[in-house]
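Student: I would like a close look at how helices pack in this model. Please take one part and go through it step by step.

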Amino acid sequence: MEDRLFDPTPTLSVSEVLSRARVVIERAFGDETWVEGEIQALRRTETHVYFDLVEGRDDGRPSVRLPVVLFEQNRRGVNALLRRAGGTLRMDDGLQVRIRGSVTAYERTGQVQLRMTAIDPNHTIGLLAAERDRVMEALAKEGLLAANGRRPLVGPPLRVTVLTSRGSAAAEDFLHELGASGLGFEVTLVDVRVQGREASPTIVAALEAVDPATTDVVALVRGGGAKTDLAAFDGEGIARAIAAVPVPLITGLGHEIDRAVADEVAHTSLKTPTACAAWLVDRVNGWLGALEDTWAAIADRALTHLDRADARVHRAARRAVISSRRGLDRADQRHRDLAGEIRRRTPRTLDRADQRLGHWAARLNALDPARTLARGWSITRTAAGDLVRSPTDAPPGTVLVTTLAEGDLTSRAETPEDPT
């Protein structure tokens, strides 16, 4: 026991242990080594960049992480490498990278870290391209690349849902272009992340919430950026959500050369947010122009039909006038014919009528009561005007009026005396 208490083996301080551990780690890995993984928890200061390089598991969560620091003196060199790759890459969360650096231990905490000195842009570009190809192949097999393109743009697309980062230059450019048109757009702006790990879940949730009862078209827009800034728009989640949107979706992702998978799945792909807004303005103006053309065509057709109807009326009127004149001419001719016939027949007819009239006049003259009365006959009537033909027609006391040739006599009927 005493021997152990006074063991001559030297005792190390914490800093000495950490210093020796750093030396052992650095000797084990040599000067520098290449490491691959996914960037997470990236933060930038004015001089340095810090992040974790993680290795994922099947469930998508990181299993191990290695802290990385990129000091200012190495940061400029890394940026130069990224620029030589065409300026298409930008270090950000979720990016798969292959980086070089020295493995060491931070003596203040004992934490193993990688001091980054370089990056392999081709590695990241290759991974992005391979993933893009995989997504495109899967979408093509399922017939989803043209799914949203088949959505009809019904009527003027005035009710617009725009998905972008609120307050961004992309949002301002898009809204300014619509406002400058003077058209009655109804815009609903949905604030989403347009890069980084949060981009896909927020965009997918916004797309799943689109209501065709209140939206004619969806615009997914953002400003320009590096290829890695647009990596979310190559993701399978956003692509499938676009294919399922019940209304047409247009994209304006600010790129000039490459097309994202989102562009391939969208109804219409344009370069910038401003171009998206201009496309919508053109669609509405085109619809209004077609409407005006339709009304003009209707007016022309109506005038044409009215002109034709007027011509038919005039032709019918002329035929009626001609027919009436012909009828009048025929009636006039018949009248003249009848008048001539009457003139030809009148003398003979009048002679015969005169003879018949003389005959009847002679008979009437012979039967004239005045002539009978002149010969001494009379006519006796009661005061009421009834003829008296026998004594029974005039009982005693009846007032009688006797008409003679030269006047009337009034008398009263009496009972005759008995002769015996």
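Student: Before the helices, which residue lies over the face of Trp34, and at what distance from the ring centre? After that, please describe the packing around helix α7.

Tutor: The model is a predicted one. Over the face of Trp34 lies Arg98, 4.1 Å from the ring centre. As for aromatic pairs, a search of the whole structure finds zero.

Now to the helices. Two packed helices are described by the angle between their axes and the distance between the axes. Take helix α4, residues 121-141, and helix α7, residues 236-244: their axes come within 10 Å and cross at roughly 30°. Angles under 35 degrees count as roughly parallel, so α4 is roughly parallel to α7. The crossing in which α4 passes α7 is right-handed. On the α4 side, the contact is made by Arg134, Val135, Ala138 and Leu139, and on the α7 side by Glu236, Ala239 and Arg240. Sorted by class, this contact of α4 with α7 holds four nonpolar and three charged residues, and no polar ones.

Helix α6, residues 199-208, also packs with α7: the angle is about 10° and the axes are 9 Å apart. With that angle, α6 too is roughly parallel to α7. Here Ser200, Ile203, Val204 and Leu207 of α6 meet Gly237, Ile238, Ala241 and Ile242 of α7. By class, the contact of α6 with α7 has six nonpolar and two polar residues, with no charged ones.

To put the two contacts side by side: the one with α4 includes three charged residues, whereas the one with α6 includes no charged residues.

Methods. Residues are numbered from 1 along each chain as its sequence is written. This is a predicted model: local features need pLDDT of at least 70, side-chain atom pairs count only at pLDDT 80 or more; totals for chains, interfaces and linings use all residues. Side-chain values use heavy atoms; hydrogens and water are left out. Rings of Phe, Tyr and Trp (its six-membered ring) pair if their centres lie within 6.5 Å; planes under 30 degrees apart count as stacked, over 60 as edge-to-face and the rest as tilted. A charge sits over a ring if NZ of Lys or CZ of Arg is within 6 Å of the ring centre and within 35 degrees of the ring normal. Axes are lines fitted to C-alpha atoms, for helices over the stretch in contact, and angles run from 0 to 180 degrees between N-to-C directions. Helices (H or I, at least four residues) and strands (E, at least two) are DSSP runs, numbered from the N terminus. Angles under 35 degrees count as roughly parallel, over 145 as roughly antiparallel, 65 to 115 as roughly perpendicular and the rest as oblique. A crossing is left-handed if the near helix is turned anticlockwise from the far one by less than a right angle, and right-handed if clockwise. Contact means heavy atoms within 4.5 Å. Ala, Val, Leu, Ile, Met, Phe, Trp, Tyr, Cys and Pro count as nonpolar, Asp, Glu, Lys and Arg as charged, and the others, Gly among them, as polar.
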